[in-house]
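Here is a short briefing to read alongside the model. Keep the viewer open and follow the topics one at a time.

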Number of protein chains: 2
Amino acid sequence: MDIKALFDITYGLYVVSTRYGEIINGQIANTVFQVTAEPINVAVSINKQNYTHELIEKSGRFGVSILAQDTPMELIGLFGFNCGRNVNKFAKVKYKNAAGGTPVLTEYCIDYLECDLRQKFDVGTHTIFVGELLDADVLKKDKPLTYAYYHEVKKGTAPKTAPTYRGINAEISEVKEEQQTASKYRCPICGYIYDPEVGDVNHNIMPGTRFEDLPSDWCCPICTAAKSLFIKV
Amino acid sequence: MDIKALFDITYGLYVVSTRYGEIINGQIANTVFQVTAEPINVAVSINKQNYTHELIEKSGRFGVSILAQDTPMELIGLFGFNCGRNVNKFAKVKYKNAAGGTPVLTEYCIDYLECDLRQKFDVGTHTIFVGELLDADVLKKDKPLTYAYYHEVKKGTAPKTAPTYRGINAEISEVKEEQQTASKYRCPICGYIYDPEVGDVNHNIMPGTRFEDLPSDWCCPICTAAKSLFIKV
């Protein structure tokens with residue numbers, strides 16, 4: 001059995017969000033899919049440990065922001081590798097409230113959906129929430145960000161709570177398979193790889209900068225982990 | 001509310017199959033997704049009207065063949081627009097039995113999965129089947145066929161039983177939005193569009209052949225509907 005077969009299942013990348021009274025929160029999810037056409041029902045699979053899971057159970061409503069291909073890694077890091085119990089994620093992005101009050105992104109978001117929770121199914125570590133479409137809109141014509149693009153082009157990884165988490169060994173072996181012309185370093189928190197050939201131009205680190213030469217206060221551009229935690233791969 | 005927002009959800013295209021004693025059958029599905037990592041569980045959403053639905057309920061096992069981007073429309077038509085009650089679909093393709101006996105494609109298939117049914121969830125017109133991974137293999141390195149590629153490049157459509165069925169009006173309006181330099185004709189059964197600029201080279205119809213000039217015994221290359229049923233779009 002070769003479980004790498006699972007890696008060719010196609011997914012998008014989304015921010016799944018909710019509002020419970022004054023509390024708003026969201027997280028990255030890749031398992032969003034329409035399950036019926038009449039009425040229109042949309043399903044999402046969310047890890048039970050996640051704060052968004054707790055809030056959707058309380059609110060009975062969820063939103064889906066369909067991310068654009070040009071979504072910066074910082075936004076994915078903000079929503080995917082931080083916990084809403086500690087960080088007000090929506091304070092750092094542009095958003096609006098959909099018809100039912102659920103926050104949805106208005107930047108790096110090509111469409112949004114808002115659903116009223118109709119059913120929830122326990123599948124072990126995760127719950128599949130199924131909701132009927134309440135509101136939806138197209139914000140711009142652009143390509144959606146796919147999970148394949150995120151992995152292959154953006155070199156992103158999945159957190160341990162993702163349904164498609166590949167295990168640290170699988171992720172590291174993938175990196176080792178790549179041709180290495182200089183030492184790359186991996187963030188042990190979120191899996192981000194610092195590649196000296198690429199640098200970190202959003203933080204004024206030019207391509208060609210060795211990891212060892214990064215300033216000591218440089219931190220992971222995705223999850224803000226300290227430079228000292230990084231592991232050579 | 002603009003339900004075109006749903007069209008940017010990302011999916012792949014798969015043949016979901018099963019074996020019940022001597023009976024083997026499969027169908028096209030786009031809603032296949034991993035829902036948990038420990039243990040590995042995979043979910044598929046299948047219309048209750050479909051023969052594959054009846055057989056999975058009886059067999060308690062299902063397979064997923066992840067289709068390659070170069071999968072011919074004929075194969076999609078065979079599995080997507082025919083009913084296994086009338087046609088032995090696997091008689092027309094290359095396949096093998098996975099470890100648990102489920103038939104999986106060995107051509108135009110980049111990976112396969114085989115799952116033991118663990119749970120099933122009623123979502124109205126469809127059932128979400130959740131199965132634990134029993135067997136999986138990678139057959140070749142190639143790009144998976146995505147639903148977006150099928151729609152945009154191959155000009156494919158969804159049958160009425162698909163969870164993502166867009167309605168005949170939505171599909172036709174999409175076609176009307178395209179620049180038309182010659183009369184195209186649409187198959188009312190499966191949605192295939194005969195485009196005179198493209199012809200039907202697999203059946204010796206050269207590009208440039210007007211629909212009106214096709215032989216009277218020409219039929220839909222996807223679902224074999226008669227020429228006389230086609231509608232000008």
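A residue counts as buried here when its relative accessible area is under 20%. With that cut-off, strand S4 of chain B is mostly covered, since seven of its seven residues are buried. Please bear in mind that this is a predicted model. The points below start from that strand, move out to its sheet and the helices across it, and then visit a second sheet and the cavities.

**Strand S4 and its neighbours**

- Both faces of S4(B) are covered. On one side sit B:Asn41, B:Ala43, B:Ser45 and B:Asn47, on the other B:Val42, B:Val44 and B:Ile46, and all of these are buried.
- S4(B), residues 41–47, runs antiparallel to strand S9 (residues 126–138) of chain B, and seven bridges join the two.
- Two positions help you find this pairing in the viewer: B:Asn41 stands opposite B:Glu132, and B:Ser45 stands opposite B:Ile128.
- S4(B) is also joined to S3(B), by four antiparallel bridges. Here B:Gln34 stands opposite B:Val42, and a hairpin of four residues links the two strands.

**The seven-stranded sheet**

- These strands belong to an open sheet of seven, in the order S2-S1-S5-S8-S9-S4-S3 of chain B, with antiparallel pairing.
- At the edges are strand S2 (23–29) and strand S3 (32–36) of chain B, each of which pairs on one side only.
- From one strand to the next, the twist averages 35°.
- How many bridges pair strand S8 with S9 in chain B? Eleven, in the antiparallel sense, with S8(B) covering residues 109–122.
- B:Asp122 has B:Thr127 as its bridge partner in S9(B), while B:Phe121 has B:Ile128. B:Ile128 therefore appears in two pairings, as B:Ser45 of S4(B) also stands opposite this residue.
- S8(B) and S9(B) form a hairpin with three residues between them. In the turn, B:Gly124 has a positive phi of about 90°.

**Helices across the sheet**

- Helix H1 (residues 51–59) of chain B lies across S1, S2, S4, S5, S8 and S9 of chain B, and runs at about 50° to S1(B).
- Buried residues in H1(B) are B:Tyr51, B:Thr52, B:His53, B:Leu55 and B:Ile56. Their cover includes S1, S2, S4, S5, S8 and S9 of chain B.
- Just after H1(B), B:Gly60 takes a positive phi of about 70°.
- Helix H2 (residues 73–80) of chain B lies across S1, S2 and S5 of chain B, at about 115° to S2(B).
- H2(B) is mostly covered, with six of its eight residues buried. Those six are B:Met73, B:Leu75, B:Ile76, B:Gly77, B:Leu78 and B:Phe79.
- The buried residues of H2(B) pack against S1, S2, S5, strand S7 (103–105) and helix H3 (147–152) of chain B.

**The three-stranded sheet and B:Trp218**

- Chain B has an open sheet of three strands as well, ordered S11-S10-S12 with antiparallel pairing. Its edge strands are S11 (193–194) and S12 (231–232), each pairing on one side only.
- Strand S10 (residues 185–186) of chain B pairs with S12(B) over two bridges, and B:Tyr185 has B:Lys232 as its partner there.
- B:Trp218 lies in the loop between S11 and S12 of chain B. Is this residue buried or exposed? Its relative accessible area is 5%, so B:Trp218 is buried.
- Leaving aside residues up to four places away in sequence, B:Trp218 touches B:Tyr192, B:Tyr194, B:Asp200, B:Ile205, B:Phe211, B:Ala226, B:Lys227 and B:Phe230.
- B:Trp218 and B:His203 are 15 residues apart in sequence and 8.6 Å apart in space, C-alpha to C-alpha.

**Cavities**

- The count comes to four cavities of 30 Å³ or more, and the largest has a volume of about 70 Å³.
- The largest cavity is lined by 14 residues, of which the closest to its centre are A:Thr10, A:Val32, A:Phe33, B:Thr10 and B:Tyr11.
- S3 of chain A and S3 of chain B each supply at least two residues of this lining.
- By class, the lining has seven nonpolar, seven polar and no charged residues.

Note on methods:
Residues numbered from 1 in each chain as written. Chains lettered and ligands numbered in written order. Predicted model: local features only at pLDDT ≥ 70, side-chain atom pairs only at ≥ 80, totals over all residues. Heavy atoms only, no water. Axes fitted to C-alpha atoms, helices over the stretch in contact; angles between N-to-C directions. Contact = heavy atoms within 4.5 Å. 1 Å grid on protein atoms, 1.4 Å probe; cavity = no way out; pocket = protein on both sides within 12 Å on 5 of 7 lines; lining within 4 Å. Points joined across faces, edges and corners; volume = space filled by probe spheres on them. Nonpolar A, V, L, I, M, F, W, Y, C, P; charged D, E, K, R; others polar. Buried < 20%, exposed > 50% of the residue type's maximum accessible area, 1.4 Å probe, protein only.
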